[in-house]
Amino acid sequence: MRQWLLLLLTALLLTGCGEPSWHSKDISGSMPALEFKLTDENGRQVSAKDYLGKPTLLFFGFTHCPDVCPSTLAYLAAVSKQLDGEAREDLQVLFVSVDPARDDPQALRSYTDAFGPQFIGLTGDKAALDALTRRYYSLYEYGAKDAAGNYDVMHSTAVFAFNRKGEARFLFREGDPVDAVTADLRHLSADR
C-alpha cells in the first residue's frame, strides 16, 4: 500500500513538469516556427533569427486600419503592462504590415512608437507577405480603391505567440481575457 501511494504521489508531482497548459488556444506543435525575411521600421532587411532569444508576439495589420489594429495593439500594450520585470522587458511585438504600398519604414516606426518600445514594425513585398501569412494560415485582401485612391485591407485578427526559440506556443485575440493572456505571457517568458 505504501509503495502504491509513493507511486501515485510521484505521478502527481511529475504531471506539473510538462508543457504549460495555456489559457489561450494552444498551437504548440501544430504551427511552424517563426520564419521570415522582411524589412524593419529602420529600412533594414531582417529575418526571424534577428528576433530569437525573446518571447515574441506576431500580428498582421496595417497603419491605416480604422479599428482592429489600433485596438489590438492597445490591448497588447495594456497586457504587457501587467507583466513584471524580465517578462515585460523581454516581450517583443512584431507588427507586420500587409500594406507595404502605404506603410514605409517611417510610417511603421511612427505607428508602433505610439504603443511602446517593445512594438516593432515590419513589412515586405507581396511575395514575402504571402509566404508569411500562408505559413500561419492568415489571410489579407485589399479592398477596392475609392475616388481618392484610399482602400481598406481585410486581415486576420489573431496574435501568434512564440517562445525564445521561435517555436509557436499559443494564439489569442483582443477579446480574450487580459488575465488569461497575461498568465500565458508569464509562462511564455519562463519557457526557455
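Which side chain meets aspartate 90 in a salt bridge? That would be arginine 164, at 2.9 Å from N to O. Keep in mind that this is a predicted model. A search through the whole structure turns up seven salt bridges, and a few of them are covered here along with helix α6.

**The Asp90–Arg164 pair**
- This salt bridge ties together distant parts of the chain, with the partners 74 residues apart.
- Aspartate 90 sits in helix α3, while arginine 164 is in the loop between β9 and β10.
- Both aspartate 90 and arginine 164 are buried.

**Two other salt bridges**
- Arginine 44 and aspartate 40 pair up through their side chains at 2.6 Å, N to O.
- Aspartate 40 has a relative accessible area of 2%, so it counts as buried.
- Glutamate 167 and arginine 169 also meet in a salt bridge, at 2.8 Å from N to O.
- Glutamate 167 is partly exposed because its relative accessibility is 30%, whereas arginine 169, with a relative accessible area of 10%, is buried.
- As for shared partners, Glu86, Asp90 and Arg164 are joined by salt bridges into one network.

**Helix α6**
- Helix α6 covers residues 178-190, which makes 13 residues.
- From first C-alpha to last, α6 reaches 18 Å, close to the 18 Å expected at 1.5 Å a residue.
- Its buried residues are Ala180, Val181, Thr182, Ala183, Asp184, Leu185, Leu188 and Ser189.
- Those buried residues of α6 pack against two helices, α2 (68-81) and α3 (85-90), and against the strands β4 (56-61), β9 (159-162) and β10 (168-172).

How values were computed
Residues numbered from 1 in each chain as written. Predicted model: local features only at pLDDT ≥ 70, side-chain atom pairs only at ≥ 80, totals over all residues. Heavy atoms only, no water. Helix = DSSP H or I, 4+ residues; strand = E, 2+ residues; numbered from the N terminus. Expected span 1.5 Å × (residues − 1). Buried < 20%, exposed > 50% of the residue type's maximum accessible area, 1.4 Å probe, protein only. Contact = heavy atoms within 4.5 Å. Salt bridge = Lys/Arg side-chain N within 4 Å of Asp/Glu carboxyl O.
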